[in-house]
Amino acid sequence: MSKVLIIEDEEAIAELEKDYLELNSFEVTIENTGTKGLEAALSQDYDLVILDLMLPGMDGFEVCKKIREEKNIPVIMVSAKKDDIDKIRGLGLGADDYLTKPFSPSELVARVKAHMSRYDRLVGTNVKTNDMVEIRGIRIDKTARRVYIDGEERAFTTKEFDLLTFLAENPNHVYTKEELFREIWDMASIGDIATVTVHIKKIREKIEFDTSKPQYIETIWGVGYRFKV
Ligand code: CA
């Protein structure tokens, strides 16, 4: 459940906002001074802050500035005076939105939802970034264990994937077949270095345009293989 912090000294307004947000499944906390509001905003994990401008103690300008120094969460500022809103914009405090009182509760809820989903998308893209290896036309998604050649996905077996990823992550390094076998296959594996040759051949069939002239995995005769950059 998304958590909203309301920093508002007028109890009736704060309660009205709270009721509407709760009806829309938000979890709501009210703080009635700037100082307590700032402390709550910084110490707890809120998803959005609704911040009144005129507050006892620290005013909304200062609270917004201090939240911004520490956090990236959406802040919606509210004020009774249109002039104040213009002033806030001018100061560039980093508030995400502004509402002039009186506003309709449904308008507030709509803005809260819009800012929250926008913020979720921003944060979501950061959090969900997969671990990628990209060399020329090859893109290896290590998290999803998928390989794309010029944007097109190709199917790889587990060992083929591990071998390709290992070579691609260590480009320009020449590995002997013995080294690759030890690296990719565990000690208990039955097989020999010929297994490496077979796997390299299969990988090349999937990644190379012309397997007789490999552009990615190069054979160093008498030594082994290396991934060219
Ligand atoms: Ca006030």
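Me: What makes Asp9, Asp52 and Met54 the protein donors of the calcium ion?
Reply: Distance. In this predicted model, Asp9 (OD), Asp52 (OD) and Met54 (O) lie 2.1 to 2.3 Å from the ion. The cut-off for Ca is 3.2 Å, so these atoms count as donors. Water is not among the atoms, so the site may look incomplete.

Me: How are the donor residues spaced in sequence, and which parts of the chain does the Asp9 and Asp52 pair link?
Reply: The spacing reads D-x42-D-x1-M. Asp9 sits in the loop between β1 (3–7) and α1 (11–23), and Asp52 sits in strand β3 (residues 48–52). They are 43 residues apart, so the pair links distant parts of the chain.

Me: Why is Asp52 called buried?
Reply: Its relative accessibility is 3%. Buried means under 20%, so Asp52 qualifies.

Me: Why is Asp9 put in the partly exposed class?
Reply: Asp9 has a relative accessible area of 33%. That falls between the 20% and 50% limits, so Asp9 is partly exposed.

Me: How do you know that the length of α1 agrees with its residue count?
Reply: Check the span. At 1.5 Å a residue, the 13 residues of α1 should cover 18 Å. The end C-alpha atoms are 18 Å apart, so the two agree.

Me: What makes the buried residues of α1 line one face?
Reply: The buried residues are Ala14, Glu17 and Leu21. Viewed down the helix axis, they fall within an arc of 65°, so they line one face. The general rule: an α-helix has 3.6 residues a turn, so residues three or four places apart point the same way. Turned away from the buried side of α1 are the exposed residues Glu11, Ala12 and Leu23. Just after α1, Ser25 takes a positive phi of about 70°.

Me: How do you know that β11 and β12 pair?
Reply: Count the bridges. Strand β11 (residues 217–220) and strand β12 (residues 224–227) share 4 bridges and run antiparallel. Pairing needs at least two, so they pair. Thr219, for one, has Tyr225 in β12 as its bridge partner. The hairpin has 3 residues between the strands, and Gly222 takes a positive phi near 80° there.

Me: Which residues touch the most other members of the largest nonpolar core?
Reply: Leu164, Ile207, Ile217 and Phe227, out of 26 residues. Helix α6 gives the most to this core, with 6 residues. Apart from it lies another core of 23 residues, among them Leu38, Phe61, Cys64 and Ile67.

Me: What does Phe227 touch?
Reply: Its contacts include Ile135, Ile138, Leu164, Tyr216 and Ile217.

Technical notes
Residues numbered from 1 in each chain as written. Predicted model: local features only at pLDDT ≥ 70, side-chain atom pairs only at ≥ 80, totals over all residues. Heavy atoms only, no water. Donors = N, O, S within 2.8 Å, 3.2 Å for Na, K, Ca; no water. Buried < 20%, exposed > 50% of the residue type's maximum accessible area, 1.4 Å probe, protein only. Expected span 1.5 Å × (residues − 1). Arc of directions from axis to C-beta. Core = buried A, V, L, I, M, F, W, Y, C linked by side-chain atoms within 4.5 Å. Contact = heavy atoms within 4.5 Å.
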